[in-house]
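Please read the following report alongside the sequence and the 3D structure, which are shown here.

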Amino acid sequence: MIKRSFFSLNQPRLSYDLLEPDLKEPEVIPIPASLSLLLPEAIDSTKQALIKKGDAVKKGEKLTLYHDSTAYTISPVAGTIHLFDSYSDDFGNVATFIIIKPDLSKSSGDGTVILDPVEEIGFADQFLQKLPGAPPFGLLANDDIKINTIVITCADTDLLSTTSQYVGIKYPEEIKEGANILKRMTRVAKFCITLPEDLKTQVSFDSIQVLKTSNAYPATLPAMIMKNHLNMVLPAGKMPYDMGICFVRAEALVSLARVYKTKAAVFDKIFTLIGKDGTRHRVRATIGTPLSKVFSRFGIHINEQDRIIIGGPMRGFATFTHHHPVLPDMDTVIVQDRDIIPHLSDTPCVNCGKCIRICPANIPVNMLVRYLEADQYEEAADRFDLGSCIECGLCAYVCTARIPLYQYIRLGKHELLTLRANA
Ligand code: SF4
Ligand code: SF4
């Protein structure tokens, strides 16, 4: 297998956006008349379900489908289960939407679950995975994975977004408090925090080591942080946690601090919304809020064939429905008008070499994609270094033939994992 490192980086051409100096407060979206909670488990009609349509739920109640389920979600409101619906992601993984109708008259007192949080990673894994910022408690609670460094991300990982920077600059005290709680839970000794080097700020993170990141994309992606700041090269096919590194959003630590202070789960997610005209909005919405409610708040009308992208322009994925809910890990949403969406073509590769020149991992992308198009995933990994891709999306951005290279690569990695898991 090729194990190519990315020591000879090509010059990136795109820059991250910096936080505005006069912090804009998020627009708050009211709790809507129904919320959609995504549960990463498919409905199995042969099993006896623990929850059903018409059941009353409390704010903060943990919801699971079956006795043997490990997947769960947490209801952000008191209310009633209105509907179950199935959901399929862009890899074909099937999940379940639980639609809740809130009863705002019950949002406090009897209608709220009082948590008795203990500083144990097992507790966090069982009850706090769905906090805003999606803390990786599943990974941290896994005894087979040894983490020795936690990297808190205050530098956004995709273009246009300023969500992570905003949280980092606005809530440094809660980040430090959350980091202290996480330190006591995990006993991980080393905590670092990424911060854009061009961001002018006086905030202090005390004993947390600050990693000043370059403004040139893709400097804030995990593999690049490891290489440029931790002096580690991520081997092909490995994940940061294989090397003892765990990345945590700053927002996850803010959420953690609030849970332990208030003894109740929190559900307000902050994200960056980019409208059709490129205007950037900062939004605060309850997890589960349909994006359609957010769009209405900003007067964004979704027409047929407009594109809604969850995530940034380089690494995001399109969703087919404007009812897609706000999720714990959703940092950016982009709406593109159908008239400005660049059309993908059927043009074959013209061997211009742009993808190879821009790839920070030095992958022969033009050759790689031929194998991926032919569903030859093992060959793509063994001969053309699929596992070294850091998923920056630069190859697709520059492709002359407009081949969806990044999408082929993501799908290829997913298919390879599935093949190997079933082997
Ligand atoms: S997404 Fe494309 S450019 Fe980026 S590392 Fe992977 S192959 Fe290279
Ligand atoms: S950029 Fe596109 S057209 Fe050019 S070599 Fe790469 S895959 Fe082929």
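The sections below take up the model, its domains and the surroundings of its two ligands.

## The model and its numbering

This is a predicted model, in which local features need pLDDT of at least 70 and side-chain atom pairs count only at pLDDT 80 or more, while totals for chains, interfaces and linings use all residues. Residues are numbered from 1 along each chain as its sequence is written, and chains are lettered from A and ligands numbered from 1 in the order in which they are written.

## Domains

The domain assignment, whose bounds come from an automatic or database source, gives domain 1 (31-111), domain 2 (121-262), domain 3 (266-340) and domain 4 (354-422). Taken over C-alpha atoms, the centres of domain 1 and domain 2 are separated by 28 Å.

## Around ligand 1

A residue is near a molecule if its C-beta atom, placed from the backbone, lies within 6 Å of it. There are 16 residues around ligand 1, and Cys359, Cys389, Cys392, Leu394 and Cys395 come nearest.

Helices are DSSP runs (H or I, at least four residues), numbered from the N terminus. Both α11 (394-398) and α12 (405-422) supply at least two residues of this shell, and α12 gives the most, with three residues. By class, the shell divides into 14 nonpolar, one polar and one charged, where Ala, Val, Leu, Ile, Met, Phe, Trp, Tyr, Cys and Pro count as nonpolar, Asp, Glu, Lys and Arg as charged, and the others, Gly among them, as polar.

## Around ligand 2

Of the 16 residues around ligand 2, those that come nearest are Cys349, Cys352, Cys355, Asn366 and Cys399. The elements giving two or more residues to the shell around ligand 2 are α8 (354-358) and α9 (365-373), with the largest share, three residues, coming from α9. The shell around ligand 2 holds 11 nonpolar, four polar and one charged residues.
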